[in-house]
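Thanks for sharing this one. Here are a few friendly notes to read alongside the coordinates.

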Amino acid sequence: MRLPFFYGWVIVGVGFVTMAIGVNARTAFSLLFPPILDEFGWARAVTAGAFSFGFIVTAAFSPLLGRLMDRYGPRVTVQIGVVLMATGMLLAAQIGEAWHLYATLGVLVSAGSICLGYNGQALFVPNWFVRRRGLAMSLTYAGAGIGSILLLPWLQVVIDAEGWRAACTALGLLILVVLLPLNLLLRHRPGDLGLEPDGDAASTDPNTPKRSNIVDPVWAATEWTPMRAVRTTRFWWLAVSFFLALYAWYAAQVHQTKYLIEIGFDATEAAFALGLVSLVAVPGQIGLGHLSDRIGREAVWSIGCLGFALCFALLLALQATPSPFLLYAMVAAQGFLGYGLTSVMGPVAMELFEGPRFGAIYGTVMLAAIGGGALGAWLTGLLFDLQSDYTVAFSLGVGLSIASAGAMWLAAPRKVRAVAGRLR
């Protein structure tokens, strides 16, 4: 049976649901963080360190993820993530020691999130689109925002009523029941099914010219491998940009709920703010993803970095004036602007290193991103423990966000492949 030309949008739909559950199962650590601290009394850096430790351990899995995707495709690779994440959440309900926390919510859930979340989707969704690559990725990633406003408040209700252990069990079962069957629909590339990117009809005339977006033919014609890629300065500027962006992302995400509670907001309001960040990210991601197809990836990346810089500045302002206005301004900066980074992470890497080994290359560059996320969550907690406030930590976040934008301009994907809006 011939699959329909719009099957690429089916792939996007499956990714949307997978992101809605998988990404927010990882984000839920921010909600589980306060009751776990209250129950066990561990140091804040030790507890938040489980989140960071998961990044460090699973960093070794990132290149393997790319190789698995190149070889077996998403139907196998994403399902591995489903099993890992569900197992981690179900076992987390039984923890009694700090190392249990690191093994479950740290290692297993983090490993699963790499397959289900931003990294995993970026390895195959861009294959289905060229002209609308940014839009397709942003729609896929928008699932995280829709899921957050439904999943995170529900999870907080479960935590309040039944405890954080019951919440872990419920989340683990949800992952298994919904995502295991749904991801059987996934396919790797349109060409494997006789389809074309963007739903275009395949040309039967070999003399029909195709419009090219290639700016640097020599670079684009290179058969990129991980070893070739790491010898280029573009790879390292991309790695630096990803590292700094993920540092800022998780420095804010992991610590903001506890921080908001400590400066005067109640737990429900703080949890709602965390969910609202991802909700307002939906129009931001879609709009910025589409905009990146018109004005270029670097410009949109800079807009996202500006969002995180503003987020940290507003968190600092909230300490002096904990007003609802500043709270929702922070939510808008972080979600509407900052989370727009996700819509261009996959496209920008593919436009630099597109080819049959892209998965392995992307997995390698994501080592830097994972390291940034790990350092952001851990170092922010450590700076708090040393100084008893977040002033230095959040100020550092402002500077690193701006530096990430500069590194992306130096990676210069626009000099390799032009986006549709820049084609002449």
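**Notes on two stretches of helix**

1. Let me begin at the end of a helix: Gly 296 comes right after H13, and its phi is positive, near 115°. Please keep in mind that this is a predicted model.

2. Going back along H13, the helix covers residues 267–295, 29 residues in total. From first C-alpha to last it reaches 40 Å, close to the 42 Å expected at 1.5 Å a residue.

3. H13 does have a kink, of about 35°, at Val 282. The proline Pro 283 follows shortly after that point.

4. At the N-terminal end of H13, Asp 266 acts as the cap. One of its side-chain oxygens lies 3.2 Å from the backbone nitrogen of Thr 268.

5. Next, have a look at H14 (residues 297–320) against H16 (residues 342–353): they pack at about 145°, axes 11 Å apart, in a left-handed crossing. H14 contributes Arg 297, Val 300 and Trp 301, while H16 brings Val 344, Met 345, Pro 347, Val 348 and Glu 351. Of these contact residues, six are nonpolar, two are charged and none is polar.

Notes. Residues are numbered from 1 along each chain as its sequence is written. This is a predicted model: local features need pLDDT of at least 70, side-chain atom pairs count only at pLDDT 80 or more; totals for chains, interfaces and linings use all residues. Side-chain values use heavy atoms; hydrogens and water are left out. Helices (H or I, at least four residues) and strands (E, at least two) are DSSP runs, numbered from the N terminus. The expected span of a helix is 1.5 Å times one less than its number of residues. The bend at a residue is the angle between axes fitted to the seven residues ending there and the seven starting there. A polar contact is a pair of N or O atoms within 3.5 Å; within protein, one must be able to donate a hydrogen and the other to accept it, and residues adjacent in sequence count only if both atoms are side-chain atoms. Axes are lines fitted to C-alpha atoms, for helices over the stretch in contact, and angles run from 0 to 180 degrees between N-to-C directions. A crossing is left-handed if the near helix is turned anticlockwise from the far one by less than a right angle, and right-handed if clockwise. Contact means heavy atoms within 4.5 Å. Ala, Val, Leu, Ile, Met, Phe, Trp, Tyr, Cys and Pro count as nonpolar, Asp, Glu, Lys and Arg as charged, and the others, Gly among them, as polar.
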